[in-house]
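Student: Could you take me through the inside of this protein? I would like a close look at the enclosed space and the packing in its interior.

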Amino acid sequence: MNPISIDSLKIRIPLRRVEITNPTLLGNVVVQEIDQETGEYLDSKFKQRAVKFAEPDGCIGYELKALIYREQTLKGADDFLTLLVSSKTLESQYFSGITATTLPTLLAKLNSLDIGAISMEHLLEAKVSDIDFKRDWVALKDEMHSELKHWEPDFKPSQKKGIFLEYKNSKKIHMLRANDRHSSSHIGRPFFKVYSKQMELEINSPDFAKAHLSPDDYKNLYRFEFTVKNKRAFLENYGLNVFTLQDALNLTQEELKQIELASVSKNFTFHARELAMKNEISINVGICLSLITRLRPDGYSFLDIYDAITGNMPTKTKRRWWSNFEEACNILANEKPDVVSKEEAEGISELLEFRSHYRSL
């Protein structure tokens with residue numbers, strides 16, 4: 001799997017630190033109260049009032065939104081340039097996400113637009129909220145469909161508004177989504193989604209993909225995307241103080257992994273899977289080669305067969321069978337491509353990594 005990075009976020013820079021050049025922005029100041037506990041705006045009008053920068057401005061296949069807020073607090077009022085920034089702003093570096101390494105590219109793009117002059121120092125000191133983190137990996141759709149369907153029965157039920165599980169599988173979308181991004185409780189039940197990035201780019205962002213990416217960049221690519229809404233969610237859920245962009249970029253991969261896995265564990269209680277075998281084949285009969293050869297034509301997924309073999313084994317033993325299973329797939333890809341294709345064999349490692357990473361909570 002690839003490392004975790006920021007996909008999108010909202011940043012706020014004090015206006016006194018930015019030389020605004022856009023007259024539309026200057027003439028569109030929105031007065032707004034700020035929640036001191038979360039660092040977010042109350043009754044935000046951002047989407048309705050924001051100035052959009054799109055293709056005519058050099059943003060081919062994506063938008064960047066900006067608005068000036070006058071924040072009302074007990075201490076008085078202060079004006080902030082507020083930007084909703086996506087990693088699409090990085091264009092050809094899109095899949096790297098927003099990191100310390102790609103930040104200069106992001107800053108150069110921001111300063112190329114008719115917004116104003118922003119320094120690296122002030123960008124790093126910007127207040128952040130509504131952060132989407134992401135992790136990408138390669139997997140075949142049929143296998144991911146089989147795996148995600150097994151997540152549905154393990155979702156923790158709730159009667160609270162915005163807490164639900166949604167699964168969609170069609171020719172245009174393949175996605176598992178936990179909770180409503182805007183109305184769910186991001187303290188107790190975080191939002192996340194798993195989806196086909198290939199399908200999303202081909203259906204929803206073809207212009208962006210054509211302008212900045214190669215089809216090989218996102219072939220069979222899946223994304224796990226999870227949100228941390230604000231500084232209160234960082235502190236209460238994960239014990240982390242994150243208020244500025246610098247704070248967010250300083251998060252280690254281990255800290256990000258804990259946030260990622262918590263977004264799953266707070267929503268699911270996973271149970272061991274059992275497979276009702278066809279033709280009275282015992283789970284412990286045979287080896288990977290024979291089971292794959294016999295069960296794949298019957299419609300079982302690779303993970304179904306792997307679970308049948310390893311279901312009651314200790315963790316260390318399962319890990320050894322992981323290597324056996326990969327080797328068997330590679331052998332069959334060479335000797336019996338009608339049973340296991342080369343593409344399927346190449347994706348087994350990432351698929352098992354996905355299983356181990358998210359279900360071993």
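Tutor: Start with the largest cavity, which holds about 50 Å³ of space. Keep in mind that this is a predicted model. Searching the whole structure turns up 1 cavity of 30 Å³ or more. Its lining is made by A139, L140, E143, F302, E344, G347, I348 and L351. Sort that lining by class and you get 5 nonpolar, 2 charged and 1 polar residues. Which helix gives the most to the lining? Helix α15, residues 342-359, does, with 4 residues.

Now turn to the packing. The largest nonpolar core has 98 residues. Those with the most contacts inside this core are L81, L83, F133, W151, I292 and F325. Take F133 from that list. Leave out residues up to four places away in sequence, and F133 still touches I4, S5, I6 and D7. F133 also touches F224, E225, F226 and V228, along with F234, L251 and L256.

Apart from the largest nonpolar core lies another core, of 5 residues. Among them are V30, F46, L67 and Y69. Look at Y69. This residue sits in strand β5, which covers residues 64-73. Is Y69 buried or exposed? Y69 counts as buried because its relative accessible area is 0%, and the cut-off for buried is under 20%. Finally, compare positions along the chain with positions in space. Y69 and F95 are 26 residues apart along the chain. Their C-alpha atoms are separated by 31 Å.

Note on methods:
Residues are numbered from 1 along each chain as its sequence is written. This is a predicted model: local features need pLDDT of at least 70, side-chain atom pairs count only at pLDDT 80 or more; totals for chains, interfaces and linings use all residues. Side-chain values use heavy atoms; hydrogens and water are left out. On a 1 Å grid over the protein atoms alone, a cavity is a set of points where a 1.4 Å probe fits but cannot get out, and a pocket is an open set with protein on both sides within 12 Å along at least five of seven lines; lining residues have an atom within 4 Å of a point. Grid points are joined across faces, edges and corners, and a volume is the space filled by probe spheres set on the points. Helices (H or I, at least four residues) and strands (E, at least two) are DSSP runs, numbered from the N terminus. Ala, Val, Leu, Ile, Met, Phe, Trp, Tyr, Cys and Pro count as nonpolar, Asp, Glu, Lys and Arg as charged, and the others, Gly among them, as polar. Buried means under 20% relative accessible area, exposed over 50%, partly exposed in between (1.4 Å probe, protein chains only). A nonpolar core is a set of buried Ala, Val, Leu, Ile, Met, Phe, Trp, Tyr and Cys residues joined through side-chain atoms within 4.5 Å. Contact means heavy atoms within 4.5 Å.
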